[in-house]
Amino acid sequence: MKSTRILGVHSGHDSSAALIVDGKIVADVAEERFSRIKHDAGLPLRSIDYCLKSQGITMADIDMIAVPASSSMPSLNHIFDLKGERQEKLPFKQAAIESVRTLLKKVGEKPPLYFKNFPAKESTPVVHVNHHLAHAASAYYTSIAAGEKQLIVTIDGIGDGISCAIWRGDKGKIELLQKWGAESSIGWFYSNVTEALGWWHGDGEGKTMGLAPYGDYTKCQGVLEKYHPKFANGQLAEPHDFGRMFMWHERGAVQWHFDEAYAIHELVKKHGREHIAAEAQRVLEEQVKALVYPWMEKEQTQNLSCSGGVFLNVKLNQRFWDDGKIKHHHIYANPGDAGLAVGAALYAYYQANPSAPIYPIQDLYYGPAYSAKEIEGILDARNLTYKRIDNIEEFAATRLAENKIVAWFQGRMESGPRALGNRSILMSSNRPENKDVINARVKFREAFRPFCPSLLWEKRHEYLQNARDEFFMITSFTAQKSKWDKVPAVVHADKTLRPQTVNQQFNRRFWNLIKEFGGLTGEHLLLNTSLNIMGEPMICHPREAIRCFYDNGLDVLVMDNFVLEKNG
Ligand SMILES: [Fe+2]
């Protein structure tokens, strides 16, 4: 039987493209990885090119184009050379919940002559999927428990006029139960606090979360009350007027500002940064729980699937899991807008094939790979002295046991925000000072921010309380007390870890490496941070890895079986 190939294309904050074949994700990449512009909001031309080339296909092989936006976009006409009103001729009327698209930059009637595009077949339909529906689809159609009824929750700043929505996933279909607009944006509230703390809206929220455990919310409980919407019994009890939204393009990305950030900044000065961060985190957790739990009761399900940028908040995810009310807790591992291309394409596929099998997501290695021959050629062209080592896992484990910092570049790049052992900087976490060492020598980022561990799946109960499979660093867990001083460089101020449990089946090389390291040191766990410098997207290409290696204090760069070593 002929396969169904759907190309998902997201153009906006974190532009991306993805390819779904018969319901399976086969390629997914954000444009920032090619352009090197963080959160790149340009047209995802290189991402589309990669998706097609990775499978050796052209637009002639694409059966459908899925776009996570409710309204038509003139730029798509240029990308796919769509004639006339093709975008309006949808094969099925798509949950066009609202048609608000403020991000769209209009382009001219005709593209410039040098514009390299991807002409689609005359017969290829373009399907528009609402922004939040695409988030919901990314969660539901990747869940291990999709065979059972799910409550799906999507929360972000805003997308297609929606800031949060509650959905039912059942029997291969997604149904909207309720949605709320800008007046309920708990995401904007958290971002306003982030701006008040001195970081960028839509970028620095993870820093706010990282700072929160250093503070004590009881020192300022309630002071943010005027700045957020309030939920009770699964409903919006008090809408919040955020005032005027300022939005502009800068540094190749979309930027936001609300004037409330100024008022919150005064509170930061009065009460202290850590305490305001802690209070913002408390408010977020409390409000999202007040929204979600009543719906789980109403729907009589213990299965919760989540997506949308707010679920990048691993502490929020931990609170849900620790409450013990959830049987299957699934957070799509790329819950921000970069995951929308996958979501739109999955939705389009299952809308047409509701009884087709659903494939639970097991890894996120959907990005570009470079062969040993390509890597060797790149090293030779630069006249670099390198070694080729057969048992690369044993070699790297030995260097890590010597407390060296190792860049580990293997196979296909991760989609999503976390390095999961293919574009990683690794170090032993057995010494408390290593967190500061890696910050000072390699990452150049704020000292308070925690680092994540990658640990052997088999050892998860030794390190994590209330452990479950967690392959994507998307939920934190309280660390087992016996490990607090054994792996101090990855234990956060609140004694939590944000782990990747590494399964041999999904990444054999990385699993072997950690196993070897465990054999040498007794700890089957490594500090794992993304291969890049603060403020840059994750590294994609070997050339960028080489640049990064010589621009900071990394000791060893391993690419495939090739090794570059300083002073070695
Ligand atoms: Fe979103």
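Which residue in β13 is the bridge partner of Leu 151? The tour of this predicted model starts from that pair and moves outward through the neighbouring elements.

**Stop 1: the five-stranded sheet**

Select Leu 151 together with Leu 304, its bridge partner in β13. Widen the selection to strand β6 (residues 150-159) and strand β13 (residues 303-307), which are paired in the parallel sense over four bridges. Then display the whole open sheet, in which five strands follow the order β8-β7-β6-β13-β14 with mixed pairing. The edge positions belong to β8 (173-180) and β14 (328-331); each has a single partner strand, so one side of each is left without a neighbour in the sheet. From one strand to the next, the twist averages 20°.

**Stop 2: the helix on the sheet**

Keep the sheet displayed and add α8. This helix packs on the sheet and touches β6, β7 (162-170), β8 and β13. The direction of α8 makes about 150° with that of β6.

In the loop between α8 and β13, select Gln 300. Its phi is near 50°, a positive value in a residue other than glycine. Is Gln 300 buried or exposed? With a relative accessible area of 72%, Gln 300 is exposed, since the threshold for that class is over 50%.

**Stop 3: the contact of α8 with α9**

Two packed helices are described by the angle between their axes and the distance between the axes. Select helix α8 (residues 273-299) and helix α9 (residues 314-322): their axes come within 10 Å and cross at roughly 50°. That angle makes α8 oblique to α9. The crossing in which α8 passes α9 is right-handed.

Show side chains at this contact. From α8, choose Gln 281, Leu 284, Glu 285, Val 288, Lys 289, Val 292 and Tyr 293; they meet Lys 315, Leu 316, Arg 319 and Phe 320 in α9. The residues of this contact comprise six nonpolar, one polar and four charged.

**Stop 4: a residue inside helix α5**

Move to helix α5 (residues 186-196) and select Asn 192. Asn 192 is buried, with a relative accessible area of 0%. Which residues does Asn 192 touch, not counting those up to four places away in sequence? The contacts are His 201, Phe 242, Phe 258, Glu 260, Ala 261 and Ile 264.

**Stop 5: strand β23 and its two partners**

In a regular strand the side chains alternate between the two faces of the sheet. Select strand β23 (residues 556-559) to view such an arrangement: Val 556 and Val 558 point one way, Leu 557 and Met 559 the other way, and all are buried.

Now centre on Val 558. This residue is the bridge partner of Trp 408, and Val 563 in β24 is also a bridge partner of Val 558. Strand β16 (residues 406-409) pairs with β23 in the parallel sense over four bridges. Strand β24 (residues 562-565) runs antiparallel to β23, joined by four bridges.

Finally, select the turn of the hairpin formed by β23 and β24, which has two residues between the strands. Asp 560 in this turn has a positive phi of about 55°.

**Stop 6: a loop aspartate**

End at Asp 14, in the loop between β1 (5-10) and β2 (16-21). Although Asp 14 is not a glycine, its phi is positive, at about 60°. Asp 14 is buried, with a relative accessible area of 12%, whereas Gln 300, visited earlier, is exposed.

Definitions and conventions. Residues are numbered from 1 along each chain as its sequence is written. This is a predicted model: local features need pLDDT of at least 70, side-chain atom pairs count only at pLDDT 80 or more; totals for chains, interfaces and linings use all residues. Side-chain values use heavy atoms; hydrogens and water are left out. Axes are lines fitted to C-alpha atoms, for helices over the stretch in contact, and angles run from 0 to 180 degrees between N-to-C directions. Angles under 35 degrees count as roughly parallel, over 145 as roughly antiparallel, 65 to 115 as roughly perpendicular and the rest as oblique. A crossing is left-handed if the near helix is turned anticlockwise from the far one by less than a right angle, and right-handed if clockwise. Contact means heavy atoms within 4.5 Å. Ala, Val, Leu, Ile, Met, Phe, Trp, Tyr, Cys and Pro count as nonpolar, Asp, Glu, Lys and Arg as charged, and the others, Gly among them, as polar. Buried means under 20% relative accessible area, exposed over 50%, partly exposed in between (1.4 Å probe, protein chains only). Two strands pair if DSSP finds at least two bridges between them.
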